[in-house]
Amino acid sequence: GVILLNSNARSNFALTNAIGVVNPSQLRALKLVLQKNPRHAWIILLHHHVVEHPRESISLSERIGLALVNAPDVLAALAPHAARILVLHGHRHRDWIGAYGDVVLGSAPSASLGADGADKYRGSFHVHELAFGDEGSVRLTKTERVNVK
């Protein structure tokens, strides 16, 4: 299944979507869906990143205020179900696939604004290949980056 989380904080959206939050009712619903469906795989999509991008060259001034405020709560809800979920997000326009513990995370570049480095102004996106197991597990098996010309 697919779970969409709205991480745009309504209190900040008039000015910017830089600060995000998964509100308490969404977090409760997420936990309930994951608990009640123990044999199902889930792709979880949200705008804001749940961990800081690991690249050291990103300055603090670029990172400040670009956060999912309750990321630890979201990660705690996901951790017991890590084998059954894949989290995909955007927000930072960083092309990165990694993990937080056993939770696999995919950070998307921007299809229109670009990413960083040599591709700063060149859009791109990913095509992911997934494998699903009999017990509801999901794995990211292959990723292809497609550059927009």
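Q: What does accessible area mean here, and where does it come from?
A: Accessible areas come from the Shrake-Rupley method with a 1.4 Å probe. The model itself is predicted.

Q: OK, how much area does the protein expose?
A: About 8,600 Å². Carbon and sulfur atoms supply 56% of that area.

Q: And what share of the residues is buried?
A: Of the 149 residues, 38% count as buried.

Q: Switching topic. How many helices and strands are there?
A: The protein has three helices and seven strands. From the N terminus, the order is β-α-β-α-α-β-β-β-β-β.

Q: Which residues touch the most other members in the largest nonpolar core?
A: Leu-30, Ile-44, Val-50, Leu-78, Ile-85 and Val-87 do. That core holds 23 residues.

Q: Which element gives the most to it?
A: Helix H3 does, with five residues. Other elements giving two or more include helix H1 (24-36) and strand E2 (42-46).

Q: What does Leu-78 contact, leaving aside neighbours within four places in sequence?
A: Leu-30, Leu-34, Ile-44, Ile-85, Val-87 and Val-103.

Q: Which residues are in the second core?
A: Among its five residues are Ile-43, Leu-86, Leu-88 and Val-138. This core is separate.

Q: Now the hairpin. How do E4 and E5 run, parallel or antiparallel?
A: Antiparallel. Five bridges join E4 (residues 96-100) to E5 (residues 103-107). One of the bridge partners is Leu-105 in E5, opposite Gly-98.

Q: What about Gly-101 in that hairpin?
A: Gly-101 takes a positive phi near 65°. The hairpin has two residues between its strands.

Methods: Residues numbered from 1 in each chain as written. Predicted model: local features only at pLDDT ≥ 70, side-chain atom pairs only at ≥ 80, totals over all residues. Heavy atoms only, no water. Pairing = 2+ DSSP bridges. Helix = DSSP H or I, 4+ residues; strand = E, 2+ residues; numbered from the N terminus. Buried < 20%, exposed > 50% of the residue type's maximum accessible area, 1.4 Å probe, protein only. Core = buried A, V, L, I, M, F, W, Y, C linked by side-chain atoms within 4.5 Å. Contact = heavy atoms within 4.5 Å.
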